[in-house]
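Me: Got a model open here and want to talk through its packing and charge pairs. Can we start with one acidic residue?

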Amino acid sequence: KRVASSKARPPIFLESDIGRGMFDLGWETKLSMGVERYCAALEGAAVSDLPSEQELSTIDIPTLILAWRSDVQHPVETAEMLRATLPNAELHVAKSWAEIEDFPRRMHEFL
């Protein structure tokens with residue numbers, strides 16, 4: 001709880017009550033698994049990596065990539081690299097909370 005309360009809320013989450021609530025819910029969910037399990041998950045993610053760009057370039061199925069600028073755990077630069085590397089990918093970078101709320105519609109249309 002101390003860690004969650006010290007985290008700065010990304011600007012995109014401050015645009016609405018829903019955004020602020022989702023940020024808080026995200027931390028509650030992460031920490032509900034227990035600090036040790038959460039830290040182990042982060043350590044696993046830190047030592048994991050995406051396949052090489054050469055390997056990614058062989059994936060030719062339609063791929064929808066959704067991102068937003070203030071997501072520090074999933075940098076936009078990674079989304080942009082995936083878009084440039086995957087031959088059949090579509091990227092949308094949300095610029096507001098309203099655009100994040102529109103992700104389900106985008107996913108539905110994509111599928």
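Reply: Sure, and keep in mind that this is a predicted model. Let's take E80, which counts as partly exposed at 36% relative accessibility.

Me: Which residue does E80 form a salt bridge with?
Reply: R69, with the closest N and O atoms 3.9 Å apart. The two sit 11 residues apart, E80 in helix α5 and R69 in the loop between β1 and α5.

Me: And R69, buried or exposed?
Reply: R69 is exposed, because its relative accessible area is 56% and the cut-off for exposed is over 50%.

Me: How many salt bridges does the structure hold?
Reply: There are 4. One of them pairs D102 with R106, closest N and O atoms 3.8 Å apart. In another, E109 meets R105 at 2.6 Å. E109 and R105 both lie in helix α7, about one turn of the helix apart. Salt bridges with shared partners join D102, R105, R106 and E109 into one network.

Me: OK, switching to the greasy bits. Which residues make up the largest nonpolar core?
Reply: L56, I65, A67, V76, A79, L82, L86, A89 and V93, so 9 residues. β1, α5 and β2 each supply at least two of them, and α5 gives the most, with 3.

Me: What does L56 touch?
Reply: Leaving out residues up to four places away in sequence, L56 touches P51, M81, L82, T85, L86 and P87.

Me: What's in the second core?
Reply: That separate core has 5 residues, including W68, A94, W97 and I100.

How values were computed: Residues numbered from 1 in each chain as written. Predicted model: local features only at pLDDT ≥ 70, side-chain atom pairs only at ≥ 80, totals over all residues. Heavy atoms only, no water. Core = buried A, V, L, I, M, F, W, Y, C linked by side-chain atoms within 4.5 Å. Buried < 20%, exposed > 50% of the residue type's maximum accessible area, 1.4 Å probe, protein only. Helix = DSSP H or I, 4+ residues; strand = E, 2+ residues; numbered from the N terminus. Contact = heavy atoms within 4.5 Å. Salt bridge = Lys/Arg side-chain N within 4 Å of Asp/Glu carboxyl O.
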